[in-house]
Structures are given as C-alpha cells and as structure tokens.
Amino acid sequence: MVAFMGSLYNAQTGLFVVACSVIIATTLYAVFGRRSYRTWATTQYPKDTVILCGIARWRDMPCLLSPFPLKLETYLKFAKIPYKVALGKGRGPKSKIPWIEYNGLKIGDSSLIIEFLNEEFKVDLKKNLNPEEKAIGRAFQKMAEENMFWGHVHWLFLQDHAEWPSISGILKILGKYLLLPLVRREMKKLMYGHGIGRHTEHELFSIVKKDLRALSTFLGKFFRR
C-alpha cells in the first residue's frame, strides 16, 4: 500500500508539473509571443522576393527538425536569389516544410520549389554537367531524400538517446515529457505507412550505411583528382 501511494503521489506530481508548465508557457506566449507572431505573419516584403516559410530556425541552423529547409536555403544562396525568412505564416499548400510565397503564389515541396525558381529566375546550377552526370545526380538526390532521410528521422526521434536540444527548465520538461512522446508517435506512424518503418532498427541502419557508402564512393573520385 505504501509503495502504491508513493507511485500515485509521483504520478500526480508529474501531472501537476506538466500542467503548470503548459499554463506558464501558454501565458508567456499570450503576453510576449502573440505580438511577434502577428508581426512575422503580416510583414510586407519587397516584390520579386522569395518568402521562405515554415522553418523553425535554431541558432545558425535553417531548421532543427528537417534537412529540406537546409537544402532549399542552400540552393537560394548558391543561385543568388533574393529571399527573406518569414515566421508565423502557418502551414503551406502541401502541409510540408519548407514552402515559399512568391508575389502571392504559394508553392510547397522543396524539389518543386527549386524547379519553379529555376524557370522564374533563369537559373541552371547544372549547366556544366552532361546528361549522364545529371542522371547520376538525380539518382543520388532521390536516394538521400528517401532511405537516408528516414534513417535521420529514426536517429533523431526514435532512439533511446533522442531528446530535444540542450535546453533547461520548463521547456525541457515540456519537450521531454509532453512533446517528444507525441512527435515519436507521429514519426512511427509516418514511417510505418511509408514502409521503411516496418524494418528493424538494424535493417534500417544497414540500408542507410550502404547508401552512404555508395555516395562516399562516388564523391571520392572528385577528391582524388
């Protein structure tokens, strides 16, 4: 009975801490965050400027949770296309990140965005490649965006060591005990629906290692020249 009462007390204490954290975080957002959110969402940007949306930036990283914003922002910099990062604009047309708004037109999916911008700004970063090299590049790109991406998701969210970044206090409690379990459940569902989540962890990482080795072998010849 004593052990039962102790466990019940611990559970109640944990629920109380989480509830208090949610209340405090909600209050802070209502007081300090809403005005900033509205400012980001209603900012007027210059014409012919790409508005990069749907990115949760973390320090110097374009996005903490997904590699696709990094892919798109790297492209924008290489292509020298004027762009601004906008927060607080909600979900994009495909409910994916990143997405862009360009002169009122909203476009989702990083690959489709790049194709659109290539035509709009007359950019061709592959102009020095022959058809065979373009085909190889396309194959490696899709390999990285499929198996290797899901390996990244599994490593980031589903392994035992997976936690939110080095934060403390209320945010750490919310992240570890409330948000992370929810994200893990959603990622498991997505991976299972994709099919790759039906593999064991060993099988998944074996696939990713083979893909990385193939990519490393191919790129290695350029460094040996």
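**View 1. Serine 95 sits in a loop and is partly exposed.** In this predicted model, serine 95 is partly exposed, with a relative accessible area of 49%. Exposed would require over 50%, so 49% falls short of that cut-off. Serine 95 belongs to the loop between strand 2 and strand 3. Its phi is near 55 degrees. That is a positive value in a residue other than glycine. Most residues other than glycine have a negative phi.

**View 2. Lysine 80 is exposed and has a positive phi.** Look in the loop between helix 2 and strand 2 to find lysine 80. The relative accessible area of lysine 80 is 74%, so this residue counts as exposed. The phi of lysine 80 is near 55 degrees. Again, the value is positive and the residue is not glycine.

**View 3. A cis peptide bond leads into proline 98.** Which form does the peptide bond from isoleucine 97 to proline 98 take, cis or trans? The bond is cis, with omega near -5 degrees. Most peptide bonds are trans. Proline 98 lies in the loop between strand 2 and strand 3.

**View 4. Glycine 92 is a buried loop residue.** Glycine 92 is part of the loop that runs between strand 2 (83-85) and strand 3 (99-102). Is glycine 92 buried or exposed? Its relative accessible area is 14%, so glycine 92 is buried. The cut-off for buried is under 20%. Now find glycine 108, which is 16 residues from glycine 92 along the chain. The C-alpha atoms of these two glycines are separated by 6.2 Å.

**View 5. Helix 2 packs against helix 3.** Two packed helices are described by the angle between their axes and the distance between the axes. For helix 2 (residues 68-79) and helix 3 (residues 110-120), the angle is about 15 degrees. Their axes are 10 Å apart. Angles under 35 degrees count as roughly parallel, so these two helices are roughly parallel to each other. Their crossing is right-handed. Helix 2 brings Phe68, Lys71, Leu72, Tyr75 and Leu76 to the contact. Helix 3 brings Ser110, Ser111, Ile113, Ile114, Leu117 and Asn118. What kinds of residue make up this contact of helix 2 with helix 3? Seven are nonpolar, three are polar and one is charged.

**View 6. Glutamate 145 of helix 4 is buried.** Helix 4 (residues 131-158) holds glutamate 145. The relative accessibility of glutamate 145 is 14%, so this residue counts as buried. Which residues does glutamate 145 contact, leaving aside its neighbours within four places in sequence? They are Phe68, Lys71 and Ser111. Phe68 and Lys71 also appear on the helix 2 side of the contact in View 5. Ser111 appears there on the helix 3 side.

**View 7. Helix 4 packs against helix 6.** Helix 4 and helix 6 (residues 201-223) meet at an angle of about 145 degrees. Their axes lie 10 Å apart. The crossing of helix 4 and helix 6 is left-handed. Residues of helix 4 in this contact include Ile136, Phe140, Met143, Trp150 and Trp155. Among the helix 6 residues they meet are Leu204, Phe205, Val208, Leu215 and Phe218. The residues of this contact divide into 14 nonpolar, three polar and two charged. Asp211 of helix 6 is one of the charged residues.

**View 8. Phenylalanine 218 touches two residues of helix 4.** Phenylalanine 218 has its place in helix 6. At 22% relative accessibility, phenylalanine 218 counts as partly exposed. What does phenylalanine 218 touch, not counting residues up to four places away in sequence? The answer is Ile136 and Phe140. Phenylalanine 218 and isoleucine 136 are 82 residues apart in sequence. In space, the two are 9.6 Å apart, C-alpha to C-alpha.

**View 9. The whole chain gives the setting for the close-ups.** The protein chain has six helices and four strands. Along the sequence, their pattern is α-β-α-β-β-β-α-α-α-α. Of the 225 residues in the chain, 27% are buried. Take the contacts with a separation of 6 or more: residues 24 or more positions apart account for 67% of them. The accessible surface of the chain comes to about 15,500 Å². Carbon and sulfur atoms hold 61% of that surface.

Technical notes: Residues are numbered from 1 along each chain as its sequence is written. This is a predicted model: local features need pLDDT of at least 70, side-chain atom pairs count only at pLDDT 80 or more; totals for chains, interfaces and linings use all residues. Side-chain values use heavy atoms; hydrogens and water are left out. Buried means under 20% relative accessible area, exposed over 50%, partly exposed in between (1.4 Å probe, protein chains only). Contact means heavy atoms within 4.5 Å. Accessible areas come from the Shrake-Rupley method with a 1.4 Å probe; for residues, only the protein chains shown count as cover. Axes are lines fitted to C-alpha atoms, for helices over the stretch in contact, and angles run from 0 to 180 degrees between N-to-C directions. Angles under 35 degrees count as roughly parallel, over 145 as roughly antiparallel, 65 to 115 as roughly perpendicular and the rest as oblique. A crossing is left-handed if the near helix is turned anticlockwise from the far one by less than a right angle, and right-handed if clockwise.
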